[in-house]
Amino acid sequence: MNHSPPPLALVTGANRGLGHETARRLAGAGVQVLLAGRNREAVTQAAKHLRQDGLSVDPLALDVTDPAGIRAAVADVERDHGRLDILVNNAAIRIEEYGKQPSQQPLAQWRATFDTNLFGVVEVTQAFLPLLRRSAAGRIVNVSSLLGSVTTHDDPDSYAYSPMFKSLPAYSASKSALNSWTVHLAYELRGTPIKVNAVHPGYTRTGMNDGAGDLDVSEGASTSVAMALLDDDGPTGTYTHQGQTIPW
Ligand SMILES: NC(=O)c1ccc[n+]([C@@H]2O[C@H](COP(=O)([O-])OP(=O)(O)OC[C@H]3O[C@@H](n4cnc5c(N)ncnc54)[C@H](OP(=O)(O)O)[C@@H]3O)[C@@H](O)[C@H]2O)c1
């Protein structure tokens, strides 16, 4: 009889959109999930909804831009579980207005975007790394975007080579920086059981795109879920979409 506990995952920004679907899918695969988000009421409701389907999901209040809140969340997870196996850094914002030239996006939006999409990820990861190191098979999934691919942005045949997608310079650069962070952390953790990978979900119909996109959330969450559930012989330091490598 196997008495070992199920893997424990934390998904940031999981009260809606791709994060919520990722939490649901991981829980469906037998993972115990901490459904994290910055609004306590929203995460409580979202977790309750999934628990009604019989899934093992608990809410966790976590604003990735709030250092004290991050420390409190780590303390809660350490007290209740003593470790963390999977961290999905999913929370992000896209606050730039479509249609503006790259040079016209206000610096305040650059700073706010980087605070959440890069510094939030780095701070959450640094804070939870001691608990991930206690896992026999730690997994870190950084939810990036194809818009973080500088190679793709520079390709005239790419959909990113368009006024619409060139009007999100801060969002795109924040994801390029997230990709770089992924490579750096994977290097540091090579030779440990912890794997660190960046993913592109695909252009998915969520609130971030005002409902536009090519994929539904089920398809969009599939890459995060697959990289969260990697076997011990799986890769680290990659940037993929549904098993296909994306150029950095
Ligand atoms: N949708 C796409 O086409 C697409 C494509 C490529 C990459 N992505 C990436 O996929 C991830 C999920 O995107 P999505 O489309 O699901 O976006 P979404 O529907 O806008 O959801 C974003 C989630 O992040 C949360 N969040 C924002 N700031 C936060 C903070 N400071 N602390 C904690 N949570 C915070 C939001 O919480 P609130 O509810 O409180 O606002 C929400 O739960 C993002 O990293 C995004 O960049 C999406």
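1. Start with helix 4 against helix 6. In this predicted model, the helix 4 side of the contact is made by Gln109, Trp110, Thr113, Phe114, Asn117, Leu118, Val121, Val122 and Thr125. Facing them from helix 6 are Ala170, Tyr171, Ser174, Lys175, Ala177, Leu178, Trp181 and Leu185. By class, that contact has 11 nonpolar residues, five polar and one charged.

2. Now the geometry of that pair. The axes of helix 4 and helix 6 (residues 169-188) come within 9 Å, with a crossing angle of roughly 20°. Angles under 35 degrees count as roughly parallel, so helix 4 and helix 6 are roughly parallel to each other. Their crossing is right-handed.

3. Helix 4 has another partner worth a look, helix 3 (residues 67-80). Here the axes come within 10 Å and cross at roughly 20°, which makes helix 3 roughly parallel to helix 4. This crossing, too, is right-handed. Helix 3 brings Pro67, Ile70, Arg71, Val74, Val77 and Glu78 to the contact, while helix 4 brings Glu123, Val124, Ala127, Phe128 and Leu131. The class split is eight nonpolar, no polar and three charged.

4. Just past helix 3, have a look at His81. His81 sits in the loop between helix 3 and strand 4 (86-89). With 17 C-beta neighbours inside 10 Å, His81 counts as partly exposed. His81 and Leu131 are 50 residues apart along the chain, yet their C-alpha atoms are separated by 9.3 Å. Leu131 is also one of the helix 4 residues in the contact with helix 3.

5. On to the ligand. Which residues are closest to the ligand? They are Gly13, Gly17, Ala91, Ala92 and Thr206, out of 31 residues that surround the ligand. Helix 1 (17-28) and helix 4 (107-133) each supply at least two residues of this shell. The largest share, three residues, comes from helix 1. If you're setting out the shell by class, expect 10 nonpolar, 18 polar and three charged residues.

6. Two backbone angles to flag. Asp210 isn't a glycine, but has a positive phi of about 55°. Asp210 lies in the loop between strand 6 (195-199) and helix 7 (217-220). Is Asp210 buried or exposed? Asp210 is exposed, because 10 other C-beta atoms lie within 10 Å and the exposed class takes in 12 or fewer.

7. The other one is Gln242, again not a glycine, with a positive phi of about 45°. You'll find Gln242 in the loop between strand 7 (239-241) and strand 8. Gln242 has 14 C-beta neighbours inside 10 Å and so counts as partly exposed.

8. Last, Ile246, in the segment after strand 8 (244-245). Ile246 has 19 other C-beta atoms within 10 Å and is therefore partly exposed; the buried class begins at 20. Leaving out residues up to four places away in sequence, Ile246 touches Leu146, Ser149, His200, Tyr239, Thr240 and His241. As for Val64, that residue is 182 residues from Ile246 in sequence and 26 Å from Ile246 in space, C-alpha to C-alpha.

Conventions
Residues are numbered from 1 along each chain as its sequence is written. This is a predicted model: local features need pLDDT of at least 70, side-chain atom pairs count only at pLDDT 80 or more; totals for chains, interfaces and linings use all residues. A residue is near a molecule or strand if its C-beta atom, placed from the backbone, lies within 6 Å of it. Ala, Val, Leu, Ile, Met, Phe, Trp, Tyr, Cys and Pro count as nonpolar, Asp, Glu, Lys and Arg as charged, and the others, Gly among them, as polar. Axes are lines fitted to C-alpha atoms, for helices over the stretch in contact, and angles run from 0 to 180 degrees between N-to-C directions. Angles under 35 degrees count as roughly parallel, over 145 as roughly antiparallel, 65 to 115 as roughly perpendicular and the rest as oblique. A crossing is left-handed if the near helix is turned anticlockwise from the far one by less than a right angle, and right-handed if clockwise. Two residues are in contact if their C-beta atoms, placed from the backbone, lie within 7 Å.
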